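Here are some exercises to work through with the model open beside you. Try each task before reading its solution.

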Amino acid sequence: MSTPVVKIENLVKRYKELVALDHFNLEIEEGEIFGLLGPNGSGKTTTINCLLSLLSYDKGNIEVFGKKMNPDSYDLKRQIGVVMQNVAVVDELTVYENIDYFCGLYVKDKALRKQYVEEAIAFVGLDDFRKFFPKKLSGGLLRRLNIACGIAHKPKLIIMDEPTVAVDPQSRNKILEGIVELNRNGATIIYTSHYMEEVEQICSRIAIMDKGKNLAIGTKDELKQMIKKSESISIDILDLPDTAIDEIRALKHVYEVTYENHMLTVLCSGGSHNLIHVLDYLQQHEITFGKVYSELPTLNDVFLEITGKELRD
Amino acid sequence: MQVFKTFLKIAKKKFPSVLLYYIIFTVVVIAMSKIGASDHETSFTATKADIYIIDEDNSTASHALSDYLSSMHNPVTLKDTDTMTLQDALYYQKVDYILTIPEGFEEQLTDSDARDFLPVSMRKDNSNGYFVDQQVTEYLSSVRLFMAGGFSLSEAVTKSSESLSKGNDTTVLKLEEKETDGAQIGLTYFFQYLPYVLINMLLLGMTPILMTFNQKDLGARISCSSLSLKSRNAQITLGCIVFSLFVWLLFILTALFIYGPDTLFSINGLHSLLNSAMVLLFSIALTLLVSTFALKQQSLSMIANVASLGLSFLSGIFVPQYLLGKGVLAVAHFLPTYWYIRLNSMLGGISDEILTTAKYWRFIGIQFGFFVAIFCIYLVSSKYQKRSRNA
Amino acid sequence: MLQIMKYHFRILLRNREQMFWILLFPILLGIMFKVAFSNISSSEIQKPVSIAVVEENNSDALKNIKTFLEKTELKDGVALFVPTYCTEEKAVSLLKDQTVDGILYTDNSASDTVTLSLTVSSSSSDTVRMNQSILQAFVKQYNSSVSAIADTAKNHPENLEALLQSLSEQVTYTKEVSLNKHNTDTYTQYFYNLIAMACLFTSLSGLYVSLNNQGNLSAIGARRNVSPVHKMKVIIAELFSNVIFQFICNLVSFAFIVLVLKIDLTYHLPLAILTVFVGCLTGTTMGFFVGSIGAFSEGTKQGILVSGSLLLCFLSGLMVGNMWIIVENTCPVINRISPAALISRAFYTLGIQDNLNQYYQCILTLVGISALFCLGGFLLTRRKRYASI
């Protein structure tokens, strides 16, 4: 087994009273798009900042590419690209100059840098805006510029901290496609977000964290199996006798049945052919039904179940 | 009152950075009043200049001359007599007049044809040096006069010294308004330098708050709320008034603490208070005006400096008005602080003008006029700014 | 390194508003100073003294005084005294209005010689007091001459004629020599301090170097911190380009003051320019150092820098001209280490003194202070992991 790209062991970080990270563990393999999920304030950004040696931490060990990460690990930093949560660009420089400026912190060679900058501009689709100053860019374009500044130097490890906050669907799609492409070109990617669909769409492995702890980790499917619910069946029924509800509830794997507004909802855990069992039952009792929907659990369900449903912040 | 409350909250945050001005000012004023208070006396005594005499002749005549001058003026002691020390002393106004009595002075004095044999250096920006020079000439003329009259040198110098320093030939007429004591003078200086600090504190402390409210996003959010523009402006104005009154009261309390209620609440003191309130109004209007321009913090520091220092120098806050040229004073008529300072000098009795009630109210009125004018410019400018922002 | 500097210059140049004020503020203040001080040094400070002469008494004595008053020159044929001859009552009212500075009385009641006496008002005005003093001296001299004549008539009557002849002679005894090599007038010191202030204000740009390089103070700082370039390298590059940029700006203002306002700051011109440069260096590093300290907000740090710079300039004489010597007498150590005092002093020594030892001493101290600021700033920013962001 190859050395993991990122290895975080027993990381503890306290802000005075508040424990932001509580013995946090994480390993990320090469070639992954790793999603770090968690509600606001769960410690995602803190993890990232510790990983980058921006923040001091109380306990724990952080390795990147198999080496210990320190503030002066310049050779490691050279291989990392960061897209910060806050847009960090220089107002006085144009789009092109901004990317060139930040790329210049990593790449010394002029010709190579020029090529990289051009590629980055093409990558985020800012070709028409290269002479623009950041103030003139819309929110989505600014985000894209922010990303270009972070990845222009073709790093092997890219860390993206909520890069799609406040971005329109078009820009977001462009960004997500780009991330996948970066990954295809060989970069390992750490991606934090609280948009489930995004993570579900692109990430190969996902960790769900809350209150500074790593609550669950695995592929999408592995995560989905962790929760009780595996299927939710909804059926339009004009008239359903009360006795039927109880009998359906007694079916195998069924753990919750509701009937409201002529809609029967059956929640099942595990097992297969749940839908067939329910439909069989209805046919046997000659109950007529209309539309039938069956939904498999989403990451959203997983997330809500693991982290609880109460509001954050 | 949401806007007003927010105003105060921001003010609370911004205040520490301008508090430094207050602290520095207070420390300096206290220090200066300790140094300066002894300078002024109520009764008339002839002006004493700071002089330094280098006696290279060491003769009866040279001793007599230096003794005579020393009795009339303040002889200053210097660490060294090298040119550099003398330059420094003269340059930085430690001495007004340096007299070198060269070797052979006595012989030249007795030779009635000799002239221009005493090298002197003096400051040219005040009359002290000139005054001493005149006295040197008078003394030596007197000595030669006595010698021409047939007296010996030693007789002549003694008689000259006697006759020149003799006498109660000067009487002082007391004019009743002119009751000035140390605290009164101190208070006058306190109010003299006040505009500089006041303008700085308001410009640097209040403009950032006002600019927050004029900010594009926040301004838009407030203007699309149910709050009427009138109410918003009224609340912001109220905030400005509270902030500036607070600053003003801080200074008044400081003055009360340093100079005592007897001085501050005397007729003159109260007049000075009203006068300083006019400067306060002017500063508020100026701040409002500046805040209509979207400025960076750094630019603001420089504008505040140009405004406060410029006003101070042109209207005689740092350099007394009588030293300023006619042209400058003509320009200064267009600055409210000029009228403030003129009034303040009269109130403190350090002016060569006499204060009359009519003059007092006229000057106060002029300052108020300036306030109204600048406030109107602010209103126009803020309207224009709003329109250009909305366009 | 060069790339960082190139971009930093570009950033500085693009910041038009800031550049405008950096250039403009010494120029504006320079113009104001020039206007304010344009008349001061022209040595016409002493204006003629107005007096009222009471002419109720003795017409002979009056005639005598008249000639005496006319003979006393302010300079170049301008009479020192402007007399008004009137009744006592009128004289007193003139004095009360401060139209005149004193009242002269002739008095021959005491003996057969006419003596003068003087009445003045009590006043705290410096000009009035000076005029009164001059009047008093005049009266003393007159009376002394009178007693000389009386004395001679009594003891050496044979010399009376010679004495009277000598009395009518105008002799000058003193000759003015300038101690200054270049005869620089005192008011240039305000300009020295103005340049010192412009130099210290460069600290504001230094402040941003430290803010932009600290991960916990700005987003850009965080981004820089995760880049593989050594932090010191970025800081040095930025500080250096800042100093050069500010130096050029201040040089423009300096040129304006010298060429347009015609303030003579050009003795040892290369050294004067060196002073501007070192001043910018000290200012910028001071800002960098203050920016690196602790967790104050940006606004507070700016406040500290601006008011601190002004305090230093105040102590070296920006507002009150003779502050330097007051400080020198009460707490000389301030003058040895305050950048403002050192900068203005360096200009002063260039303008006034032949001996440049003190100049080099000032410059070396400034360089030393800059080095300390730099070192301190580096030590403070070196801590690269932050407790919180």
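## Exercise 1: The sheet of chain A

Task: work out in which order the strands of the open sheet in chain A lie, and which strands are at its edges.

Solution. Start with the order: in this predicted model, 6 strands of chain A form an open sheet, running β6-β7-β8-β3-β9-β10, with mixed pairing. Next, look for strands that pair on one side only; these edge strands are β6 and β10 (213-218) of chain A. Finally, follow the twist, which averages 15° from one strand to the next.

Now zoom in on one pair. Strand β3 (residues 33-37) of chain A and strand β8 (residues 188-193) of chain A run parallel and are joined by 5 bridges. Within this pair, A:Leu36 has A:Thr192 of β8(A) as its bridge partner.

## Exercise 2: Helices on the sheet

Task: find which strands helix α6 (residues 169-184) of chain A touches, and which strands helix α11 (residues 299-307) of chain A touches.

Solution. Take α6 of chain A to begin with: this helix packs on the sheet through β3, β7 (157-161) and β8 of chain A, and its direction makes about 155° with that of β8(A). Then turn to α11 of chain A, which packs on the sheet by touching β3, β9 (205-210) and β10 of chain A. The direction of α11 makes about 30° with that of β9(A).

## Exercise 3: Domains and cores

Task: state how chain A is divided into domains, and find which residues have the most contacts inside the largest nonpolar core.

Solution. Chain A splits into domain 1 (6-225) and domain 2 (229-296). The centres of these two domains, taken over C-alpha atoms, are 44 Å apart.

For the core, the largest one has 285 residues, and those with the most contacts inside it are A:Ile99, A:Ala148, A:Ala152, A:Ile189, A:Tyr191 and C:Ile195. Helix α7 (residues 182-214) of chain B gives the most to this core, with 16 residues. Pick A:Ala148 as an example: leaving aside neighbours within four places in sequence, its contacts are A:Ile99, A:Ala120, A:Ile121, A:Phe123, A:Val124 and A:Leu126. There is also a second, separate core of 9 residues, with A:Ile235, A:Ile248, A:Val254 and A:Val257 among them.

## Exercise 4: Where chains B and C meet

Task: find how many residues of chain B are in contact with chain C, and which element of chain B gives the most to that side.

Solution. Count both sides: 96 residues of chain B contact 87 residues of chain C. On the side of chain B that touches chain C, α5(B) gives the most, with 16 residues. Sorting that side by class yields 43 nonpolar, 35 polar and 18 charged residues.

Strands take part in a pairing as well: β4(B) and strand β7 (residues 174-176) of chain C run parallel, joined by 3 bridges. Here B:Leu118 stands opposite C:Thr174 in β7(C).

## Exercise 5: One residue in detail

Task: decide whether C:Phe33 is buried or exposed.

Solution. Locate C:Phe33 in helix α2 (residues 16-37) of chain C. Count its surroundings: 26 other C-beta atoms lie within 10 Å. The cut-off for buried is 20 or more, so C:Phe33 is buried.

Last, list its contacts beyond four places in sequence: B:Phe313, C:Tyr190, C:Phe191 and C:Leu194. C:Phe33 and C:Leu194 are 161 residues apart in sequence, with 9.1 Å between their C-alpha atoms.

How values were computed:
Residues are numbered from 1 along each chain as its sequence is written. Chains are lettered from A and ligands numbered from 1 in the order in which they are written. This is a predicted model: local features need pLDDT of at least 70, side-chain atom pairs count only at pLDDT 80 or more; totals for chains, interfaces and linings use all residues. Two residues are in contact if their C-beta atoms, placed from the backbone, lie within 7 Å. Helices (H or I, at least four residues) and strands (E, at least two) are DSSP runs, numbered from the N terminus. Ala, Val, Leu, Ile, Met, Phe, Trp, Tyr, Cys and Pro count as nonpolar, Asp, Glu, Lys and Arg as charged, and the others, Gly among them, as polar. Two strands pair if DSSP finds at least two bridges between them. A residue is buried if 20 or more other C-beta atoms lie within 10 Å of its own, exposed if 12 or fewer, and partly exposed in between; C-beta atoms are placed from the backbone. Domain bounds come from an automatic or database domain assignment. A nonpolar core is a set of buried Ala, Val, Leu, Ile, Met, Phe, Trp, Tyr and Cys residues joined through C-beta atoms within 7 Å. Axes are lines fitted to C-alpha atoms, for helices over the stretch in contact, and angles run from 0 to 180 degrees between N-to-C directions.
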